[in-house]
Amino acid sequence: MARKTIIFDLDGTLLNTLEDLADAVNYALREYGLPTHSYDAIRMMVGNGVRKLVIRAVGNEDHPQFEGIFACFRAYYVDHCQVKTRLYDGLAEVLEQLRREGYRMAIVSNKLQAGVTELQRVYFEGLIDVAIGEREGISRKPAPDMVNAALRELCREGESIDDVRADAVYVGDSDVDILTAQNAGMPCISVLWGFRDEDFLRQHGATLLVREPKDILALL
């Protein structure tokens with residue numbers, strides 16, 4: 001696969017953010033007297049943006065205090081988004097090698113833009129320059145809009161977005177990522193160290209799978 005542009009998902013792909021996300025969800029639930037969830041339960045709730053995560057945790061969006069719960073989650077998570085979060089083993093070396101070899105890289109995440117910006121600064125400054133998160137006016141994944149925004153930022157002088165797209169591959173850990181790549185018109189590499197297992201990913205159309213970060217280099 002001769003591709004020199006890589007669009008990375010964030011949660012479950014580059015960073016193990018599960019515990020911080022779960023802690024923020026459970027903090028908000030406790031504040032409003034609602035039952036909390038295990039890490040494994042919340043693992044299956046992530047992937048469609050933080051609002052959907054909180055809807056799933058609460059049970060429905062019609063809860064009379066939902067907006068308060070969601071605001072509580074957001075405030076807590078922005079302040080605690082890197083307490084337990086960590087880079088997956090082996091990824092730092094892979095990203096450094098990709099950077100040395102001239103690959104263009106971007107992060108595209110359904111996480112709030114404030115959280116994406118902070119995590120990009122802490123973990124990927126000097127490695128990944130473009131980081132697109134949830135914001136007003138842009139549809140979340142699996143719509144292709146976030147990927148298209150990243151491709152536009154990666155364009156060099158004289159290039160069109162379609163030039164960059166033809167050179168790009170998407171890397172993610174979920175069914176949402178597989179569908180996002182399809183909608184954005186690029187192949188998807190599915191990682192097996194994230195929030196979904198191999199059977200689940202294959203059932204949702206995964207065809208290129210990697211077990212360790214170094215395997216990405218072999219595919220490229």
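How many cavities of 30 Å³ or more does the count come to in this structure? In the predicted model examined here, the count comes to 1 cavity. The volume of the largest cavity is about 210 Å³. Its lining is made up of 19 residues, and those nearest the centre of the cavity are Asp11, Val46, Gly47, Asn48 and Asn110. Two or more lining residues are contributed by each of helix 3 (50–58), strand 4 (104–112) and helix 9 (175–184). Strand 4 provides the largest share of the lining, with 3 residues. By residue class, the lining of the largest cavity comprises 7 charged, 6 polar and 6 nonpolar residues.

Strand 4 also belongs to an open sheet of 6 strands, arranged in the order 5-4-1-6-7-8 with parallel pairing. The edges of this sheet are occupied by strand 5 (130–134) and strand 8 (208–210); each has a single partner strand, so one side of each is left without a neighbour in the sheet. On average, neighbouring strands of the sheet are turned by 25° against each other, direction ignored.

At the edge formed by strand 8, the partner is strand 7 (residues 188–191), which runs parallel to strand 8 and is joined to it by 3 bridges. Within this pairing, Leu209 in strand 8 stands opposite Ser190. Towards the other end of the strand order, where strand 5 is followed by strand 4, helix 6 (residues 113–124) lies across both strand 4 and strand 5. The direction of helix 6 is at about 140° to that of strand 4.

Methods:
Residues numbered from 1 in each chain as written. Predicted model: local features only at pLDDT ≥ 70, side-chain atom pairs only at ≥ 80, totals over all residues. Heavy atoms only, no water. 1 Å grid on protein atoms, 1.4 Å probe; cavity = no way out; pocket = protein on both sides within 12 Å on 5 of 7 lines; lining within 4 Å. Points joined across faces, edges and corners; volume = space filled by probe spheres on them. Helix = DSSP H or I, 4+ residues; strand = E, 2+ residues; numbered from the N terminus. Nonpolar A, V, L, I, M, F, W, Y, C, P; charged D, E, K, R; others polar. Pairing = 2+ DSSP bridges. Axes fitted to C-alpha atoms, helices over the stretch in contact; angles between N-to-C directions. Contact = heavy atoms within 4.5 Å.
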